[in-house]
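Please look at the sequence and the structure together, and follow how the strands are arranged beside one another.

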Amino acid sequence: MTHGTSGFTPTRLLFVCLGNICRSPLAEGVFLHHAHERGLASNFRVDSAGTGGWHEGELPDPRSREVAERHGVRLPGRARKVVDSDFHDFDLILAMDQDNLQTLERLREIAGGNAELRLLREFDPEAGSDLEVPDPYYGGGDGFEKVFRMVDRSARALLDSMI
């Protein structure tokens, strides 16, 4: 969080996966949920996006919405693609896996900007050497629950690191 002459500026976070319908909207919703629970939501501006744009405008995958609802989490957005201005408008961009991180690094080279790029699971206390949130899209419902638990641990630790 920064403090300029006009006062408080929220920390701007962007969660990114491939299509922005499974992992990144879940991360956005879970982070906001924990920030709200702790009375810190106004400290952050949070969004999600995909490195691919084929799902633009769609709601999150029904399986992501179902697992979120089961845990009391609301998924607020619709899918969108990462745009050049994201690298200027966000302080921290969190990729779900190495492929998306590498795509973001290439896009930032063209777009410029000062956004820090990291993997979300860098914050997961149980990640060990596996820093990727696997894509549950082609798997069963249990994959969405597993992803939820990874994202939840990571989002809690990320929030803790920012306060």
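Which residue is the bridge partner of L94 in β6? The bridge partner there is R118.

## About the model

This is a predicted model, in which local features need pLDDT of at least 70 and side-chain atom pairs count only at pLDDT 80 or more, while totals for chains, interfaces and linings use all residues. Residues are numbered from 1 along each chain as its sequence is written, and side-chain values use heavy atoms, with hydrogens and water left out.

## The sheet

Four strands (DSSP runs of E, at least two residues, numbered from the N terminus) form an open sheet in the order β4-β3-β5-β6, with parallel pairing; two strands count as paired if DSSP finds at least two bridges between them. The edge strands are β4 and β6 (116–119), each of which pairs on one side only.

Strand β3 (residues 11–17) is joined to β4 (residues 44–50) by seven bridges, and V16 has A49 as its bridge partner in β4. Four bridges join β3 to β5 (residues 92–95), where L13 is partnered by L92, and four bridges also link β5 with β6. Six of the seven residues of β3 are buried, meaning under 20% relative accessible area with a 1.4 Å probe and protein chains only.

## The helices

Helices are DSSP runs of H or I with at least four residues. Helix α1 (residues 23–37) lies on the chain's path from β3 to β4, and α1 lies across both of these strands, running at about 170° to β4. Helix α4 (residues 98–111) lies across β3, β5 and β6, running at about 170° to β6; such angles run from 0 to 180 degrees between N-to-C directions, with axes fitted to C-alpha atoms, for helices over the stretch in contact (heavy atoms within 4.5 Å).

Methods. Buried < 20%, exposed > 50% of the residue type's maximum accessible area, 1.4 Å probe, protein only. Right-handed = clockwise from strand over helix to strand, strands pointing away.
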